[in-house]
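This report sets out selected local features of one protein model. The sequence and the coordinates are shown first, and the discussion follows.

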Amino acid sequence: MQLRGYKTSDCEKLAELFFNSVHSINAKDYTEEQLNVWATGKVDLQEWDKSFQEHKTIVAVEGGEIIGFGDMDNTGYLDRLFVHKDHQREGIASAICDKLEYSVNGKRISTHASITAKPFFEKRGYFAVIEQQVVRSGVSLTNYLMEKEL
């Protein structure tokens, strides 16, 4: 596996990986209705590209295929972290997080973690600040504001 920086040409593949990961990995913790409002399959690729370019974005590649990605803004907010459904538990998310966390200049990292991702972040030393309900298209989804002191 190779970790590299983001390129605009990655954007469509990252959106696809996001959709597929949410609908497969998170299906054990969320209903189909919740998954459909979380990952609709219709992201604004221009907005995502802009966001990825403004953030520190790491892409994991193996055999020429993108198998994971993560991005963090300059305040230490870990925005997205997703790994291909066929590459779970291979250390990819940890490797991406290590690189992103190392790049932070501040003293704290925060993220909004799904029910599914919460144990991963807890193992990395994050703690849940609050459980919250996010409403999308009238559908409520549980997630956690989590933080880690550096």
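Which residues make a nonpolar surface patch of about 250 Å²? In this predicted model, the patch is formed by Phe127, Val129 and Ile130. Phenylalanine 127 belongs to strand E6, which spans residues 127-136. Its relative accessibility is 38%, so phenylalanine 127 is classed as partly exposed, because the partly exposed class lies between the 20% and 50% limits.

**Threonine 142 in strand E7**

Strand E7 covers residues 139-149 and includes threonine 142. This residue has a relative accessible area of 16% and is therefore buried, the cut-off for burial being under 20%. The side chain of threonine 142 makes a polar contact of 2.8 Å with the side chain of glutamine 133. When residues up to four places away in sequence are set aside, threonine 142 touches Tyr30, Ile115, Glu131, Gln132 and Gln133.

**Helices H3 and H4**

Helix H3 comprises residues 45-54, and its buried residues are Trp48, Asp49, Ser51 and Phe52. Viewed down the axis of H3, these buried residues fall within an arc of 165°, so they line one face of the helix. Gln46 and Glu54, on the other side of H3, are exposed. The cover over the buried residues of H3 includes helix H1 (11-25), together with strands E2 (56-62), E3 (65-72) and E4 (77-83). At the N-terminal end, H3 is capped by aspartate 44, which has a side-chain oxygen 3.0 Å from the backbone nitrogen of glutamine 46.

Helix H4 occupies residues 92-102. The buried residues of H4 are Ile92, Ala93, Ile96, Cys97, Leu100 and Glu101. Seen along the axis of H4, they fall within an arc of 155° and so line one face of the helix. The spacing of such positions follows a general rule: an α-helix has 3.6 residues a turn, so residues three or four places apart point the same way.

**Loop residues**

Which loop holds arginine 89? Arginine 89 is placed in the loop between E4 and helix H4. Serine 137 is located in the loop between E6 and E7. Neither arginine 89 nor serine 137 is a glycine, yet each has a positive phi, as tabulated below. As a general point, most residues other than glycine have a negative phi.

| Residue | Phi | Relative accessibility | Class |
|---|---|---|---|
| Arginine 89 | about 60° | 82% | exposed |
| Serine 137 | about 50° | 71% | exposed |

Both values of accessibility lead to the class given, because exposed means over 50% relative accessible area.

Glycine 76 lies in the loop between E3 and E4. Is glycine 76 buried or exposed? Its relative accessible area is 1%, so glycine 76 is buried. Apart from its neighbours within four places in sequence, glycine 76 is in contact with Val104, Arg108, Ile109 and Ser110. Glycine 76 and valine 61 are separated by 15 residues in sequence, and their C-alpha atoms are 24 Å apart in space.

Note on methods
Residues are numbered from 1 along each chain as its sequence is written. This is a predicted model: local features need pLDDT of at least 70, side-chain atom pairs count only at pLDDT 80 or more; totals for chains, interfaces and linings use all residues. Side-chain values use heavy atoms; hydrogens and water are left out. Patches are made of residues with over 30% relative accessible area and no salt bridge: like charges are joined within 9 Å, nonpolar side chains (Val, Leu, Ile, Met, Phe, Trp, Tyr) within 5 Å. Accessible areas come from the Shrake-Rupley method with a 1.4 Å probe; for residues, only the protein chains shown count as cover. A salt bridge is a side-chain nitrogen of Lys or Arg within 4 Å of a carboxyl oxygen of Asp or Glu. Helices (H or I, at least four residues) and strands (E, at least two) are DSSP runs, numbered from the N terminus. Buried means under 20% relative accessible area, exposed over 50%, partly exposed in between (1.4 Å probe, protein chains only). A polar contact is a pair of N or O atoms within 3.5 Å; within protein, one must be able to donate a hydrogen and the other to accept it, and residues adjacent in sequence count only if both atoms are side-chain atoms. Contact means heavy atoms within 4.5 Å. The arc is that of the directions from the helix axis to the C-beta atoms.
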